[in-house]
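These are my notebook entries on a structure that I am reading for the first time. I record what I looked up, in the order in which I looked it up.

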Amino acid sequence: MRIFLLVAAIAAVSQAQTDCSRGACYPPSNDLLLGRAHQLHASSTCGLTGAEVYCTPYQQRRMKCCPCDSRNPSGQLAHTVQDVLSTSGPNRWWQSKKEVQSPVTLELDLDNLFQLDNLVLSFKGPRPGAFVIERTQDNGRTWQPALYLATDCQKAFPGVPTTTPLRMDDTYCYTLPPTGTNPYQDHIIQFSPLHQYAYVPVPNSRKIEDVSGLTGLRVRMTELGDVPRLPGRSLSRFYALKEMRVMGSCMCHGHANRCLPETYNNLLPNSIQVNPQCDCQHNTEGVNCERCADLYNDLPWRPAEEGNTHTCQRCDCNNHAQRCRFDQALYEASGRRSGGVCEGCMHHTTGPKCDQCAPGYQPNPHSRMDRPDACIRCICSAEGTVNGGRCDDSTGSCQCKVNVEGPRCDRCKRGYYGLSASNPLGCSKCSCSPDGSRSDFCDQVTGQCPCRSHFHGLTCEECSKGYWKPLLSERCEPCGCDPTRSYSDTCDQVSGQCECRPGFGGRTCTKCPDNTYGDALLGCQPCRCDVEGTLPEGCDKQTGACLCRPGVTGARCDTCSRGHCDSFPACEICPSCYFTLDTQRQNLSLAVEKLYTSFPSRPGGDGDLGSFGPRIFNLLEKLNLIRNSLALPPSTAEEVDDALSQLDKLRDQVAKVNKDLSPLERTPGLDSELDKLRALLDRLTVEYKNKKEATDTSISPDNTGVFSAIQKAYNESTDAAKKVDVSGNTVKESADVREETKDLQNQVQPANTRDLNKLNQSMASRPDLTPVAKQVCGSVRSEPCTPLQCEGGELCPPEGTRPCKKGEKCVGALPLGKRADADVKDVKDKLDKLTGKITESAEKLQKTQDTADQVRQSTEELSNKMKQARDELEEDLKETRDTVKELKDFLSDPSSNLTHIQEVSDWILKAKLPLSLAALKRKLEELKDLAANLPDSTAVLDEAEPQLDTARKLLKEAQDARDTALGVKTDVDTLLEGFGSVEGSLSDLEDKLQNSVDLMDQLNKNLTKAKDQLSPAEKALDDVSTLIKPMKPQLEELKDLLKEGDQQAQDAQENADDAEGEAASAQQDLKSLLEQLDRLKDLAPPSGSGTEGPVGDRLAKLQQDAGVLANTTDTMLKAMEGKGVSLKQLQDEILEKSKKLDGLDAKLKGLLETLRKKAHDLSICQG
């Protein structure tokens, strides 16, 4: 009873381990090493560099010595680490080097997270004295000890506890049992993480999470085992492991009961048995079921536990989202009930649970929130409402922004424009120009104001083309540009300045340009003004008078005016103290003038003042002549008298000055000024004559014009005198500068003259230009040549001299340059050809890549077709085998109805296959040959890929070399040195490119051949499918016939049982009747007694009936025996045909196996 309960408990636990609906579930264990032999490494292996001899005990006190040679891993003497796999076969083990001192490790890299259930180590030879089992969860970056094992734990691992752990973070050392008398015998060590922590009071699910997960396993052997000592040669000490099993499964955290198998895993003998991908349950996903599925993050992910699956809960997104995320803060705020936040809400919804309508949409009153039509478009404008287009849930009205109106808040108020969502007020205020706009309102959409005539622009503040707006004006005036002197009729909007042609200026281009004056048609004269002291226009357009800027004066605007510092062109205003002193000076001047008038004139007025006196006297005489010649009115006469009086005073002052001043040196400048005055006087004389003639012919006594001309002449004469006075200082300064210049010339010129003479003398003998000419132009001259003396031929070779060719020695920069130029052209031509070849190669490379992609795609399609055909064939074969088995069972069943057996046999004999057996065999052989001759697309593509890479590399090298050559072409200094290497590299590149082209052509041929060979395989598969399809209805008909036969057989069996019972009952009745008959015969009186009347008749009748029944039974038995013989023959025929079907079945199996292998090869090929 106890055994039964234990078995029941084990069965319940096993069911709980695989039933994911009750709690944590885990996949079954298998060997993680299988299929990962290449991921197992040993730090020490015997015989890798040469054979080593190992001695071990043999029988009693004897030893045997055997070599280890692992240079050939598959040899009989090899003992590599791959020999520890359970599939390695007998007499295979791993063995380390002898007497190794440092720890030896066996390391398994799993690359993914797995669950370790049990580790089995079968040691061969001397068991290690101490070793450690370690695991890693970060792919080998860090390792944690899982279990220490040693013969003497205190000695091998001091400080490590030896008691069973009572906490999950504890580890301990397991004391190994003694090896006995023979330490070389096999020893098996098992390690189970869960068994190690069996006494820790936590659920198994937590133990699995904490101690079973690993991405790598390592066995670190730290101490060699002890061996006995024998006389003579000592025994060898080493580590040896016969078998290693790492039993485990994919790590699924309790959320899966199986690991997903790899595709076609069962086809390879060394394929991976445990795939890392879990078949996740409980709404989890990921390789290790380490996270919740996209729409199941309402609760935090947790590993499953016993009795609690911790299933990931679906987020409440109202059917409007496909994914959600977990929010810890929201989870805590909800009292740890819900933390899912929906992402990517659809159907115009928003919110953490997609339970609100998005901006611009409102709830549909005729739907529910969990339906796709939950939200309908809102009539409110999103740009014009304060809440982004949302409607009032109760009234459905829209809340407009300040400058927006309308039922839908979709238009601006009057006087506003530009409805925008980014504008907090909705619309902007119109800014129409008060001068150019007819009103203050604008277009509500564009903001365009209604403009007056000759105004345009959004706000009507700009004049139209051909108009401009003067300052302080409210209208746009025509530009008025001269049509011939300007480029167009447009002008500047602010200044009205037209765009003038060269030689014209002014606002309308009718005047001379700036800094010129005169008539533009006759020719403008340049202003004779200092540019720094004048206004931008330079001078007066009519007279040419300089227009000085403020603070500047003078005829040329080149002097600072009074009250400004003498710092032209800055001419800053003088400080305030200057104006105080200037006022005092003016007062003194007035006082001096008053005194001056009281001084007597200087006797001898024609002193040494040059020619001023005579000229003034001459002027006085002419004025007197004018006065005496004209009859002037009294007022004019008085003015002339006043002028003459002033001239007399002036004459007296001149005489006085001549007397008081010392003689002055005459200067040329004064003569020129006087000449100007003379010219002015001559012009006045001409005007005088003209006026006089006009006066003589005029009857008017008014001579005002003549007097005005005289007054003007007098004023001009006075101005000329002032200019003469002002030019005195300038002339003096000029004379001083001239004297200083002469002194400087006298000091410097003699030394310069001497240096020049020496230079002329030296240039007659040096420098010698011949060496320089050789370096520059390749001169062949040998005689010296100086700048002053160069005889004996030309310095450089004449034009048309033959340039130096390749291979010849070139001397001189010019010949080298010419040859470099020729080489550049040659290299350029080669580069052009190379560029063309590169382009052609690139096109071929792309074509080859496209062909490879097509082959890969065709291979994948053929692989899928093969897989589908294989599956269909397997299904059809299984169905055929089942049908044949049913047929055999039916025919061999003795209870089958003979008539129905005859019908089935007749149907089979009459049934016709869609193809004869020979033709079918021939088609199968053809398909088999096609499968055998299918191109190894994996090899073709594997071969094509490095060749394509080589072609790409060659193209890259060609392009780089071409760029290098182009770079060398621009580097004149290193041009000649680089041409040799460039030409060599170009030749190499041409060869490489040609090789690349040939390689790609060969690849194209191979790929085309593979492509052509794939087509018959596809056709053959289609033919097989076509052949098999007609057989399916016949199999179905046969199955129906067999089912009907089974039913009839059951009915016949029941009828036979009934008949047998009835026959037995009849036999029993017959026997009873015979007994009664015999009894009656004994009781019957002798013959002739008269009593045999009715009784005798009855007896006779019974006897007759019994005879008839016996005859009938005998006839039936004979008939059944005949039927049995015929059915036996029919059954033999059917069995013989079944054997033929068995042979065909075997061939189909072989063909399927071949197709399966090809499909696998094609499915794993990598382009």
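**Entry 1. Strand S8 and its neighbours**

I note at the outset that the model is predicted. I began with the pairing of S8 and strand S9, the latter covering residues 173-175. The two run in the parallel sense, and I found three bridges between them. I then looked up a single bridge: Leu149 has Tyr174 in S9 as its partner.

I turned next to strand S7, residues 130-136, which pairs with S8 in the antiparallel sense over six bridges. Here I picked out Val132, whose bridge partner in S8 is Tyr148.

Is S8 mostly covered or mostly open? I found that five of the seven residues in S8, which spans 144-150, are buried, and I entered the strand as mostly covered.

**Entry 2. The disulfide of Cys153 and Cys173**

How many disulfides does the structure hold? The count comes to 27. I looked up three of them, and chose the link of Cys153 and Cys173 to begin with, where the sulfur atoms are 2.1 Å apart. The angle about the S-S bond is -80°, and I recorded the link as left-handed. Cys153 belongs to helix H2, residues 153-156, while Cys173 belongs to strand S9, so the disulfide ties together parts that are 20 residues apart in sequence.

I also checked the accessibility of both partners. Cys153 counts as buried because its relative accessibility is 4%. Cys173 is buried as well, with a relative accessible area of 1%.

**Entry 3. The disulfide of Cys479 and Cys491**

I went on to Cys479 and Cys491, which are joined by a disulfide with an S to S distance of 2.0 Å. This link is left-handed, with -70° about the S-S bond. I located Cys479 in the loop between strand S28 (477-478) and strand S29 (486-491), and Cys491 in S29, so the pair ties together parts that are twelve residues apart in sequence. I noted that both Cys479 and Cys491 are buried.

**Entry 4. The disulfide of Cys527 and Cys539**

For Cys527 and Cys539 I read a sulfur separation of 1.7 Å, and the two form a disulfide. The value about the S-S bond is -60°, and the link is left-handed. I placed Cys527 in the loop between strand S32 (525-526) and strand S33 (534-539), and Cys539 in S33, twelve residues apart.

Are these two cysteines buried or exposed? Cys527 counts as buried at 14% relative accessibility, and Cys539 counts as buried at 1%.

**Entry 5. Two cysteines without a bond**

Why does Cys66 have no disulfide? The closest cysteine sulfur is that of Cys65, and I read the distance as 7.4 Å, which is too far for a bond; the cut-off for a disulfide is 2.5 Å. I entered Cys66 as partly exposed because its relative accessibility is 38%.

I asked the corresponding question of Cys577. The closest cysteine sulfur lies in Cys574, 8.4 Å away, so it is too far for a bond. Cys577 counts as partly exposed at 47% relative accessibility.

**Entry 6. Aromatic rings**

I then looked up the aromatic pairs, of which the structure holds four. One of them is formed by Tyr54 and Phe238: the ring centres are 5.2 Å apart and the planes stand at 90°, so I recorded the pair as edge-to-face. The pair links distant parts of the chain, 184 residues apart. Tyr54 sits in strand S3 (residues 52-58), whereas Phe238 sits in the loop between strand S11 (213-223) and strand S12 (240-250).

I checked both residues for burial. Tyr54 counts as buried at 4% relative accessibility, and Phe238 is buried with a relative accessible area of 4%.

I also looked for charges over rings. Arg218 lies over the face of Trp143, at 4.3 Å from the ring centre. Arg414 lies over the face of Phe441, where I read 4.0 Å from the ring centre.

**Entry 7. Asn72**

My last query concerned Asn72. Where does Asn72 lie? I found Asn72 in the loop between strand S4 (62-68) and strand S5 (94-95). Asn72 counts as partly exposed because its relative accessibility is 45%. I closed with Gly47, which is 25 residues from Asn72 along the chain; their C-alpha atoms are separated by 9.3 Å.

Note on methods: Residues numbered from 1 in each chain as written. Predicted model: local features only at pLDDT ≥ 70, side-chain atom pairs only at ≥ 80, totals over all residues. Heavy atoms only, no water. Buried < 20%, exposed > 50% of the residue type's maximum accessible area, 1.4 Å probe, protein only. Helix = DSSP H or I, 4+ residues; strand = E, 2+ residues; numbered from the N terminus. Pairing = 2+ DSSP bridges. Phe/Tyr/Trp six-rings, centres within 6.5 Å; stacked < 30°, edge-to-face > 60°. Lys NZ or Arg CZ within 6 Å of the ring centre and 35° of its normal.
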